[in-house]
Amino acid sequence: QVQLVESGGGLVQPGGSLRLSCGASGTIFSIDTMGWYRQAPGKQRELVAFIYSGGSTNYADSVKGRFTISRDNAKNTVYLQMNSLKPEDTAVYYCNADVQTTGWGPYLFYWGQGTQVTVSS
């Protein structure tokens, strides 16, 4: 019903930048929050940032001042601009979205397939 597709991951040197994108498609009536999570090898998935439909944002302490989340509601797309990247930012990054598929239905969380970000010299 709803698909989330991420793009923009890759290999970058410490101090570099990457921009992730995630587009939602399918049967969508409304999207509330959209966000980014990450999971490093051997660690639990953790919240990176999320953004409400009105534009309010929330960030993990570890990325504040370095990452910026934004969204284009007309395109059902969320972005994550990552600057001053560190080796500890290496992880698979997943986007998610809280989606209502009909005007009377519940909001449900959907996940993308993930995109690898590797920060290494």
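From the N terminus on, the elements of this predicted model run β-β-β-β-β-β-β-β-β-β-β. The count is 11 strands and zero helices.

In overall dimensions, the C-alpha trace spans about 50 × 25 × 25 Å along its principal axes. The radius of gyration is 14 Å, which agrees with the value near 14 Å that a compact globule of 121 residues would have. Of the contacts between residues at least 6 apart in sequence, 56% join residues at least 24 apart. Buried residues account for 42% of the 121 residues.

The accessible surface comes to about 6300 Å², and carbon and sulfur atoms hold 49% of that area. The protein carries 9 positive and 8 negative side chains, with the centres of the two sets 4 Å apart.

The largest nonpolar core has 31 residues, and Trp 36, Leu 80, Met 82 and Tyr 93 have the most contacts inside it. The strands below each supply at least two residues of this core.

| Strand | Residues |
|---|---|
| Strand 1 | 2-7 |
| Strand 3 | 18-26 |
| Strand 4 | 30-39 |
| Strand 5 | 46-51 |
| Strand 7 | 67-72 |
| Strand 8 | 77-82 |
| Strand 9 | 91-100 |
| Strand 11 | 115-119 |

Strand 9 gives the most to this core, with five residues. Tyr 93 lies within the 91-100 range of strand 9. Leaving out residues up to four places away in sequence, Tyr 93 touches Glu 6, Leu 20, Trp 36, Tyr 37, Arg 38, Val 48, Phe 67, Leu 80, Met 82, Gly 114, Thr 115 and Val 117. Among these partners are Trp 36, Leu 80 and Met 82, which are also listed with Tyr 93 as having the most contacts inside the core.

Notes: Residues numbered from 1 in each chain as written. Predicted model: local features only at pLDDT ≥ 70, side-chain atom pairs only at ≥ 80, totals over all residues. Heavy atoms only, no water. Helix = DSSP H or I, 4+ residues; strand = E, 2+ residues; numbered from the N terminus. Rg over C-alpha atoms; globule rule 2.2 N^0.38 Å. Buried < 20%, exposed > 50% of the residue type's maximum accessible area, 1.4 Å probe, protein only. Contact = heavy atoms within 4.5 Å. Areas by Shrake-Rupley, 256 points an atom, 1.4 Å probe, with all protein chains shown as cover. Lys, Arg positive; Asp, Glu negative; His and termini not counted. Charge placed at Lys NZ, Arg CZ, Asp CG, Glu CD. Core = buried A, V, L, I, M, F, W, Y, C linked by side-chain atoms within 4.5 Å.
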